[in-house]
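Please take a moment with the sequence and the structure before reading on. The paragraphs below lead through them step by step.

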Amino acid sequence: MDAILLQILNGLDKGSAYALIALGLTLIFGTLGVVNFAHGALFMIGAFCAVTFSKLLNLSHTIVDDSRKDFLGNPMKIDVPYLHEFFGQAAGDVIIDWAVPLSILFAIPVMIGIGFAMERGLIKHFYKRPHADQILVTFGLAIVMAELIKYFYGANPIPTPAPAAFAGSFDFGALIGADPNTIIYPYWRLVYFCFAAVIIGAVFAFLQFTTFGMVVRAGMADRETVGLLGINIDKRFTVMFGIAAAVAGVAGVMYAPINSPNYNMGMDFLVLSFVVVVVGGMGSLPGAVLAGFLLGILESFASMAVVLEFIPGINQIIIYLVAIIILLTRPRGLMGRKGVMEE
Amino acid sequence: MSFSNLTRRGLIKTGAVAGAGLALPTYLSAAAHSGFTNAPQGDTVTLGFNVPQSGPYADEGADELRAFELAVEHLNGMGDGGMLQTFSSKALDGTGIMGKKVQFVTGDTQTKSDAARASAKSMIEKDGAVMISGGSSSGVAVAVQALCQEAGVIFMAGLTHSNDTTGKDKRANGFRHFFNSYMSGAALAPVLAKAYGADRKAYHLTADYNWGYTTEEAVRSSTEALGWETVNAVKTPLTQTDFSAYIAPVLQSGADVLVLNHYGGNMVNSLTNAVQFGLRDKMVNGKQFEIVVPLYSELMARGAGANIKGILGSQNWDWKLEDQLGARYSGTNAFVQSFGTKYGFPPSQAAHTCYVQTLLYADAVTRAGSFNPCAVVEALQGFEFDGMGNGPTLYRADDHQCFKDVVVVKGKENPENEFDLVEIVEVTPADQVTYAPDHQQFAGGSLGTCNPGA
Amino acid sequence: MLGLSKKDAGLLAIVAFLCIFAPFLLNPFPEGSAMAQFNAGYPDLMQRLVIFGIFAIGFNILFGLTGYLSFGHAAFLGVGSYAAIWMMKLLTMNVVPAIFVSVLVAGLFSLLVGWISLRRSGIYFSILTLAFAQMSYALAYSVLTPITGGETGLQPKYTDPRILDGALPAGQSPRANLFGLDMKATTELRLGDWVFTFNAGYYIAAATMLLAFYLSIRIFRSPLGMMLRAVKSNQQRMNYTGLNSKPYTLAAFVISGMYAGLAGGLLVAMDTQVGAERMFWTASGEVVLMTILGGAGTLIGPVLGAGFIKYMENIVSKINETVLEQWFAFLPDGLSDAMVAIVYPFVGKGWHLTLGLLFMMVVIFLPGGLVEGGQRIGRLFRSKKSEPETPDGKTTPAE
């Protein structure tokens, strides 16, 4: 029982990451009709916004300490962050410690900018081209983005820890009267889950309760008619692309402490997020979110030792197996609309 | 127009079909002249350095490449000579290999066996490489080793830790300087028992592929022999990035030690996740909960950041060995000095093993007096040497595996810089990690005989 | 000729010419010159060029004709490879049974996958095929290690049974052969500074590709090909006329799966090893890229695309800093350093960056792939000679 509760918790957390990425992907697909293979790369760039921001905070000047030697026997060079000089050692360290949450403020404008540039500079020209071309050009872009990051940051993962306040884990077991240490969960992952819930809620609210969102939804349903009504739907779609990029970006920022970012993490998520979107049903936002959580939870269950004893290797294939079963029983995924991406 | 019958790389079996079927004149191969593949022509010799340049191990590959360049420099008599001064064999004199200047070509393994083979083949077929070295995973090492055996060139393995490389997949033309899973287990177990006690309950997370299997087996059998109990062993997919689902149940199982049989990105992520769960702050069975990572890599330790503090693991070599443990490990400082001067930071163990392998090959050629792979194999088999940073070392003839001391390290509590991440805990002497050539963890392979190609 | 129209026969003749003289065409630079780095006329790469050509030709029969975008074709290549290597381990090092069985096994596997996946269309079909391929990869890498060798893959060993072959002589490693003709048999032709390499394995692979190419022309021009194009242009209308399109698309799927198996078998025949990575989704993606890059739906496009990508992978990735320094050594010091610094990010370990940029450029500027590029150049020349006529390249896209 404890084990199952724990894996549900786990699945919710894992699912929130899938859902966030799939949400952005569906937004772009649903509004613009573009299959964006560079979406994983946007997530990766978001994570590297956190890396860059903490590097910026750590900008330092070098002083030479003659009393200590480095490994070659030369005088040791010591880096002193400017923040220490501006705010004093203690306050400087606190700011550096909170680099990841702070970098959201940095990431949002950057990601919106990248999203705008991408849409205006590249994607715009591909609205009328076949999906295969869209896939190819965004895939090329994803490679270029990843390689640029590799060029500047190297291939190695870069540790980007969460603030010290969120270290350690919360004991749910004690809360519900189970044995201590049986149901524990890291604070930062709980933060991530809440954060994902807020973002998903905000995107839905934006689409549901604002005029802007209403027009976009109308555009998703029938772009031509909305255009005929004299509404400049293109401009709104550009904004939506920026928002989708920002959603992917902040998802990446908050994910950085969970797994140290590396240049290839976008590709790792790309295939998975596509499976999530398709299982949810093309063009359906609630479907994407639902599928994200569903696959997250199932994946967590499949990784339990008891399950693996019965079916060795099930953890390797569970996501794809579920995808096949769902697509065979529900032709357009969980909540897909008829006629979208079926030709 | 003339048909030359002197092929630099080709090998021909004169089949009647070849002549008739393709209507091409076939000539006897280079065998008539040199007797082996890619016999160096003129006053240069070409070595092939095949390292990961894209994919997750690209940084490790870059470090290997730096070491190779340094080794070539030293062989050609440039720079400060590095380990040539401390190497116990004095055959090398800085004039290249047997008077031939050393050149090299590089390629990208992509850490995929197919790509690694393609890259190595182009070095052999196009560039005329007479030796291939490098690599950062066992899959690649085994694939390229088999290729070199077929093609008739020498393979000096880079970083490969699976037992299989010199176990069930060993080949006569392949040599491994790096240590292996068995040695990690044998070296770690006594240190673990001493540090954490002999009545521990271990929970293994194992990467679900060959290297993971051999490492888990090695660590399990070594620790169980000292009284540990293995509570559970769960396999994790290679492509996994978030290990929370595997780590969450660990505490419920009643285990008090977590062994992470992971490498590279898997290791960074699983360790980071385990520390996030606060495992190391917990008390289980009245004991402090501990995490163990059997194979350490400096580059990956850097990726895991502060999470590696206090975590035990094993290494083939560490750049602080000679400073801390004395002249037995001579060669270390000479190498660190020339590497550090050239590149500005200390070398990783991957760089060290690649550098040493290149020198060992050059030395074996010089001692044998020939580039012929069979002569080189003979010169390396049973070769005992010293002054290469690992103390006295034996290249065993039975399986082409080096036997030397294994370094047990621990993540440093207060690192001074990003290269100073681990501290040496203990060095397990070579005879404690030596095993019989027919040990069951290495069963099922045969070296065969050396193949000179051509 | 051979049941082909004049135009198609001409195309086949061109491909045959390219295949036969590839050792010359791919080695345009003299040995030892600075440009020799760009020579691709060595056996391994030539073999890979034609083998991946076969793979892409087969993929194009499915994608180019029916428009069904399979994202899991590498699985068939991998399954074919495993079948071939097991033939070599158990039966004989002769490549004929290995290739035959690889085509057969890949065909059966694609029949299973196709039968299930073709129940859906569009992106749902793509994800189904992707799911099958990813499952094959994950299982081959881990749980199926006893059969597939897992991480280390499979290679022939001395100790394999090989019941049809006699025991190997001492010191011999098992070699793939065609009735005694070693795949590695090579002869060289030296003309001054130029060295041209002729390899038995390459010519066998090239002959197979010619055959595969010829078959694909016949399929394109057959009633089946017509039916498949009808599926692409409007499946609904086809169904309304009372035609059941599924047997036709399934046939196309299985044929292209068998092409992939043939490529897998040949890969093993030329280089006796299999690793699970060849089934990873990036490998499936690669064949999609090859086909679209070359020109989907055209006959020769996929072959060009395959050649382009494999050339990039094998040649550009090998250019390192030392090579660059040699190239620019003739420039003054500062300038040569600057040139090295500018070019370096794009070659060697940066070859992926160049690949990504080239993809984008081709897709943006040449929507019809390399074939369209060729046609444009052709048109340019022709328009100089005479008034522009209706553009009609050598190859007509499927639509």
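What follows moves from one chain as a whole to a strand in a second chain, and then to a third chain and to confidence.

The model shown here is predicted, and its overall scores are an ipTM of 0.89 and a pTM of 0.90. A convenient place to begin is chain A, in which 14 helices and four strands are found. Its radius of gyration is 22 Å, and because this is close to the 20 Å that the globule rule gives for 343 residues, chain A is as compact as a globular protein of that length. Along the principal axes, the C-alpha atoms of chain A fill a box of roughly 75 × 50 × 35 Å. Of the 343 residues in this chain, 53% count as buried, and when contacts with a separation of 6 or more are considered, 73% of them join residues that are 24 or more positions apart.

In chain B, attention can rest on strand E12(B), which covers residues 312-315. Leu312(B) and Ser314(B) point one way from this strand, whereas Gly313(B) and Gln315(B) point the other way, and all of these residues are buried. E12(B) pairs in the parallel sense with strand E11(B), residues 290-295, over two bridges, and Ser314(B) in E12(B) is the bridge partner of Leu295(B). Together with helix H9(B), residues 298-304, the strands E11(B) and E12(B) make a right-handed β-α-β unit. E12(B) is also joined by four bridges to strand E16(B), residues 406-411, and here the two strands run antiparallel; in E16(B), Lys410(B) is the bridge partner of Leu312(B).

Chain C offers a residue to consider on its own, namely Leu191(C), which lies in strand E3(C), residues 186-191. Is Leu191(C) buried or exposed? Neither word fits fully, because a residue needs 20 or more other C-beta atoms within 10 Å to be buried and 12 or fewer to be exposed, and Leu191(C), with 13 of them within 10 Å, is therefore partly exposed. Leu191(C) and Pro30(C) are 161 residues apart in sequence, yet their C-alpha atoms are 9.2 Å apart in space.

The confidence of the prediction can also be followed along chain C, where the pLDDT averages 87 and 95% of the residues score at least 70. Among the elements of this chain, helix H5(C), residues 95-117, has the highest mean pLDDT, 96, and helix H13(C), residues 321-327, has the lowest, 82. Over residues 387-399 of chain C the pLDDT is below 50, although this stretch has 22 contacts in the model beyond near neighbours in sequence. Where pLDDT is low, the predicted coordinates should not be read in detail.

Definitions and conventions. Residues are numbered from 1 along each chain as its sequence is written. Chains are lettered from A and ligands numbered from 1 in the order in which they are written. This is a predicted model: local features need pLDDT of at least 70, side-chain atom pairs count only at pLDDT 80 or more; totals for chains, interfaces and linings use all residues. The radius of gyration is taken over C-alpha atoms; the globule rule is 2.2 Å times the number of residues to the power 0.38. Two residues are in contact if their C-beta atoms, placed from the backbone, lie within 7 Å. Two strands pair if DSSP finds at least two bridges between them. A crossover is right-handed if, with the strands pointing away from the viewer, the path from the first strand over the helix to the second runs clockwise. pLDDT is the predictor's confidence in each residue, from 0 to 100.
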